[in-house]
Amino acid sequence: MQIPAPFDYARATSVDDAVALLTRYGEDAHVIAGGHSLLPMMKLRLARPDWVIDINDLHDLDYIRRDGDQLRIGALTRHRTLLESAEVLSLFPIVTDAERVVADPIVRNRGTIGGSLCQADPAEDLSTVCTVLGAEAVIHGAAGDRTIGMEEFHRGPYETAVAFNELLTEVRLTIRPRSSSAYEKVERRVGDWAVAAAGAAVTFADDGTLDDVAIGVTAVGLVNRVASAEAVLRGEKPSESAIAEAGRLTGEAVDPDADQRGSVEYKRHLANELTQRVLRRAIARAQGLEA
Amino acid sequence: MTIVDDPQTRPGGDYEHGRDHEHNPSADAPERPIGFGRLQRKEDPRFVRGQGNYTDDVVLPGMLHGAILRSPVAHARIVSIDTSEALARPGVRAVLTGKDLEPLKLAWIPTLSYDVQAVLATDKVRFQGQEVAFVIADDRYAARDALELIRVDYDILPPVIDVRHALDAGAPIIRDDLEGRTNNHIADWDCGDSVATDAAFAKADVVLKQEIVYPRVHPAPMETCGSVADFNRVSGELTLYVTSQAPHAHRTVIAMVSGIPEHKIRVISPDIGGGFGNKVGIYPGYVLSIVGSIVTGHPVKWMEDRSENLMSTSFARDYIMTGEIAATKDGKLLGIRASVLADHGAFNGVAQPTKFPAGFFNLFPGSYTWEAVYGKVTSVYTNKAPGGVAYACSFRVTEAVYLVERMIDRLAIELNMDPAELRLKNFIKPEQFPYDNKAGFEYDSGQYEKTMRHAMDLIGYDELRKEQAEKRSRGELMGIGISFFTEGVGAGPRKHMDILGLGMADGAELRIHPTGKAVVRISVQSQGQAHETTFAQIVAEEIGIPPEDIEVVHGDTDQTPFGLGTYGSRSTPVSGAAVAMVTRKVRDKARLIAAAMLETRPEDLEWEKGRWFVKGDPSAGKTIQEIALAAHGTMELPEGVDGNLDAEVTYDPPNLTYPYGAYFCVTDIDRGTGKVTVRRFLAVDDCGTRINPMVIEGQVHGGLTDGVGMALMELIEFDSDGNNLGGSFMDYLIPTAMEVPDWETGFTVTPSPHHPIGAKGIGESATVGSPPAIVNSVIDALRPLGVTAMDMPCTPARVWDAMQGHATPPI
Ligand SMILES: Cc1cc2nc3c(=O)[nH]c(=O)nc-3n(C[C@H](O)[C@H](O)[C@H](O)COP(=O)(O)OP(=O)(O)OC[C@H]3O[C@@H](n4cnc5c(N)ncnc54)[C@H](O)[C@@H]3O)c2cc1C
């Protein structure tokens with residue numbers, strides 16, 4: 001059995017209590033949500049928090065709620081809840097696509113959207129999904145709430161805008177008419193982290209041209225959206241040649257590392273191939289041609 | 001908690017369970033067979049109810065906990081070790097280093113291959129993860145925390161990681177502990193006839209050469225290795241609870257190593273959570289728990305974690321093979337050569353019979369007739385964990401089968417011939433058995449063509465080829481892969497086979513109690529093979545007592561006769577034979593007693609399952625239960641017959657048994673990503689007499705899953721510094737239910753002529769047979785792209801590389 005280094009443990013009773021505990025114990029305190037990123041690192045002694053602040057009693061952070069043109073998702077919402085939500089599937093199929101391939105059922109039963117985003121692992125699927133959907137993150141600290149976009153939220157691998165004494169409490173997704181989205185990942189085995197993955201969201205204008213396009217990739221060294229590829233499609237009617245060009249440009253834009261999952265060349269190829277696939281699927285879905 | 005299973009991502013998932021083509025439930029024999037037949041496993045209730053008892057469940061009064069400090073580097077001289085801070089930590093009882101073991105002569109112990117291995121490093125560390133110090137503490141947390149307080153000063157040395165350069169002049173010398181070592185060479189071995197093979201090649205129309213790599217993989221049993229040692233300072237007795245596939249062999253070796261007399265040692269191997277060869281060797285941790293108990297006077301538990309298991313215990317394979325094949329242009333096989341570079345790691349700790357330093361690689365000619373064959377293996381040291389024979393390989397038969405089956409397909413491509421047809425043309429024929437395979441082994445029996453044709457019918461081979469042609473015309477990648485394997489299992493005849501001088505025979509004892517219930521004691525140890533069920537069925541078949549009335553005792557050296565344990569599929573071929581023989585001995589004795597009871601002569605009695613009766617008068621008879629009571633009763637027994645119904649035997653097998661099978665695999669490959677999906681897999685096995693078809697199917701399903709793992713994802717890789725890149729299940733991937741299709745099985749029955757019940761081993765057939773079928777299928781799928789070869793594992797990235805025309809070896 002792998003055993004973490006010694007640590008102390010406290011169970012937060014409210015969001016404010018969690019913030020107070022984090023403030024009291026300082027930078028060496030870590031929030032634990034699903035624990036599926038934090039605990040493995042603690043067992044390998046790569047993470048050695050002095051304090052672990054458990055937020056699993058904060059059930060008021062576990063919700064999916066429609067509010068006007070926004071879908072509000074509490075930070076403690078489990079992967080499984082997202083996977084099984086019919087509302088999420090109909091509004092943002094990219095989330096359901098991604099949740100199917102996030103880890104395995106055991107991890108999905110516990111892991112949370114808040115933990116996924118705060119972990120900010122470059123291979124985290126929901127980070128790409130939220131980036132593509134232009135999500136907003138609500139962060140709570142001693143001074144109250146602040147709301148920021150994903151570009152600002154992600155500061156780089158394993159780094160976010162959430163300070164040591166703050167909590168991510170909510171993720172907000174904007175609902176747009178005539179739009180849809182898709183995600184696809186290549187993994188070596190179910191439950192494995194992505195070799196590479198891509199996500200896309202599209203919104204049509206009334207005239208059948210693409211009003212907006214968002215493309216994001218996972219595990220290939222690019223945190224933000226692929227602006228160059230998006231530009232090829234925006235304002236145009238979708239065409240195979242434009243999709244192919246968007247894929248090619250994405251393959252060029254990424255900056256992957258070679259590792260056991262594959263070579264740089266292969267990952268660039270996947271970025272290209274998967275981008276084309278998710279664009280096609282998102283477009284077909286938005287046109288009502290595919291579920 | 002329910003588990004979300006998404007059927008959309010599950011390949012081929014229409015069926016709930018595997019499908020055995022032969023199994024017709026309504027035609028089944030009795031629901032509770034007295035003898036052979038489908039019978040639920042007797043051991044299952046305790047496992048499914050969480051009532052198993054594994055080594056880590058053992059808790060003894062006053063028990064302390066040990067943890068091992070391991071080397072972070074692959075090759076370094078140890079300058080100093082400072083344990084003072086660790087010793088000062090509250091809860092720590094002792095810290096041992098190699099220096100403490102030297103006076104006890106326990107710093108080094110023999111391996112199973114006449115080499116030595118370090119228990120705790122004294123001079124150098126030779127692989128990442130090697131044992132350096134042992135902390136004993138009040139609980140496992142204190143023991144782990146104290147490891148961080150030990151200061152080791154290492155003087156880093158250049159490591160030997162690339163096995164292809166291990167024998168280079170000027171390569172660092174790993175084993176400078178051995179007298180006079182000037183290189184990293186371990187042994188050269190060969191078999192067959194090189195001159196005759198040269199002649200066969202000289203007259204061939206077609207000659208092909210192909211490098212085929214079977215990379216380093218790990219058995220990764222669900223339960224890691226561990227032990228609880230309890231040394232009684234007053235009586236001098238040692239009780240060792242240990243994850244052991246071979247408790248008797250372990251007791252003998254521990255006696256030889258430790259100096260504790262063998263009669264004072266009791267080895268108990270409780271329930272085992274999978275072995276696959278990983279639990280055959282003696283690990284430093286076992287020895288350290290014993291020393292720890294002697295030193296502290298308390299029982300000491302040592303249980304390794306997952307990373308320790310993956311990084312330091314017996315790996316498998318690691319063979320770089322070069323195959324050469326010679327044939328006529330119409331597909332008649334003439335000759336085959338195999339030349340192997342084998343990476344044995346830092347210590348030669350391979351577990352195999354003494355006279356077989358390359359295991360049973362002699363099986364590389366496979367299931368075919370050749371004019372001549374020649375194989376040679378060179379083994380070397382590298383700065384990697386030791387091991388080599390593990391993971392259900394039947395002593396390197398896995399590598400041998402993989403080589404020949406890949407080569408046959410390679411030849412089929414070259415000749416533009418159907419690979420099934422090429423095999424059918426060259427099979428050994430039934431009338432050629434017993435068959436000398438020209439590499440030193442004599443196959444006992446087989447009907448290869450019959451089994452092959454049966455498998456082709458079951459899978460619908462011709463239809464599949466049609467489907468493939470259609471898909472190819474649409475640019476889709478579909479592959480059909482075949483493997484036809486012959487194993488040699490059940491080591492083995494004492495005159496040829498031993499481990500550390502211990503002949504590979506097995507004992508069995510049977511007692512029939514007065515009420516007709518029985519206990520059979522066996523020397524082999526189940527790690528999931530269902531001995532408690534199948535061995536009871538052997539007794540039942542032979543003597544007619546229902547299996548539920550027969551207790552099978554195993555795993556405790558104080559309770560069972562001597563024998564060499566369970567690995568290499570040897571339990572049924574050797575110990576199963578012993579059980580059949582001991583039961584026959586009891587049956588013969590019962591005949592004498594029955595004759596006395598019926599006041600007739602033994603030769604006038606006839607046996608039917610469960611009773612002796614008078615020839616010509618079936619109503620006059622005695623059941624085995626009546627005879628048992630009489631044997632223990634007051635009746636006057638015949639001269640020379642003592643008052644019980646017990647017997648014991650030791651069985652020395654005359655030969656190995658040679659199970660075989662025809663496996664077919666259908667894959668689909670995503671052209672854009674290189675991702676392989678195993679759509680169908682059919683295993684038609686012939687393991688001779690079938691004791692319990694359900695258990696056979698279970699063994700086959702498990703082995704096929706192993707095969708998917710090796711073919712598609714498993715690999716222990718190292719970086720150039722010797723860091724193990726497969727040290728956790730995040731990096732060392734093993735398959736899940738999602739990567740495997742709904743298994744299809746079938747069978748033919750060709751009994752072994754020399755085995756008392758005609759059974760052959762089945763435990764490893766699927767692990768041996770499936771990887772070549774899967775890889776051949778992947779290559780077949782990639783044929784339209786000009787691919788003729790690629791090595792495992794067929795991960796998306798490696799398949800894509802092959803599609804681009806640059807397939808690379810994994811090592
Ligand atoms: C075997 C395995 C496979 C996996 N495979 C994948 C995969 O394929 N794709 C994928 O995307 N993910 C994968 N994951 C990760 C999984 O999605 C995790 O659940 C997720 O990364 C973290 O969520 P969590 O709730 O478990 O976070 P935790 O482990 O509890 O926390 C992670 C980090 O976030 C911080 N944190 C958590 N919640 C908050 C909050 N509300 N506010 C501020 N900080 C917070 C914690 O302090 C910690 O630093 C895998 C995990 C495992 C164990």
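Which of the 30 residues around the ligand come nearest? In this predicted model, they are V31(A), S37(A), T112(A), E124(A) and D125(A). The legends below describe the ligand site first and the domains afterwards.

**Figure 1. Polar contacts of the ligand with S37(A), A103(A) and L168(A) in the predicted model.** The side chain of S37(A) places an N or O atom 2.7 Å from an oxygen atom of the ligand. S37(A) is also one of the residues that come nearest to the ligand. Two further contacts involve the protein backbone: a polar backbone atom of A103(A) is 3.2 Å from an oxygen atom of the ligand, and a polar backbone atom of L168(A) is 3.0 Å from a nitrogen atom of the ligand. On its own the ligand has 960 Å² of accessible area, of which the protein covers 91%.

**Figure 2. The shell of residues around the ligand, viewed by secondary structure and residue class.** Three elements of chain A, namely β2 (29-32), α7 (113-119) and β10 (167-174), each supply at least two residues of this shell. Helix α7(A) gives the most, with five residues. By class, the shell consists of 14 nonpolar, 12 polar and four charged residues.

**Figure 3. The domains of chain A and the contact between domain 1 and domain 2.** Chain A is divided into domain 1 (8-53), domain 2 (62-174) and domain 3 (179-286). A distance of 19 Å separates the C-alpha centres of domain 1 and domain 2 of chain A. At their interface, 14 residues of domain 1 of chain A are in contact with 16 residues of domain 2 of chain A. The size of an interface is often given as the accessible area lost when the parts come together. For domain 1 and domain 2 of chain A, the area buried between them is about 1200 Å², with 70% of it on carbon and sulfur atoms. Of the area that domain 1 of chain A buries against domain 2 of chain A, V19(A), A33(A) and H36(A) supply 36%, more than any other three residues.

**Figure 4. The surroundings of V107(A) in helix α6 of chain A.** Helix α6 of chain A comprises residues 105-110 and includes V107(A). Residues up to four places away in sequence being left aside, V107(A) touches H36(A) and H79(A). H36(A) is also one of the three residues named for the area that domain 1 of chain A buries against domain 2 of chain A. V107(A) and G35(A) are 72 residues apart in sequence, and their C-alpha atoms are 9.1 Å apart in space.

Methods:
Residues are numbered from 1 along each chain as its sequence is written. Chains are lettered from A and ligands numbered from 1 in the order in which they are written. This is a predicted model: local features need pLDDT of at least 70, side-chain atom pairs count only at pLDDT 80 or more; totals for chains, interfaces and linings use all residues. Side-chain values use heavy atoms; hydrogens and water are left out. A residue is near a molecule or strand if one of its heavy atoms lies within 4 Å of it. A polar contact is a pair of N or O atoms within 3.5 Å; within protein, one must be able to donate a hydrogen and the other to accept it, and residues adjacent in sequence count only if both atoms are side-chain atoms. Accessible areas come from the Shrake-Rupley method with a 1.4 Å probe; for residues, only the protein chains shown count as cover. Helices (H or I, at least four residues) and strands (E, at least two) are DSSP runs, numbered from the N terminus. Ala, Val, Leu, Ile, Met, Phe, Trp, Tyr, Cys and Pro count as nonpolar, Asp, Glu, Lys and Arg as charged, and the others, Gly among them, as polar. Domain bounds come from an automatic or database domain assignment. Contact means heavy atoms within 4.5 Å. Buried area is the accessible area (1.4 Å probe) that two parts lose on being put together, summed over both.
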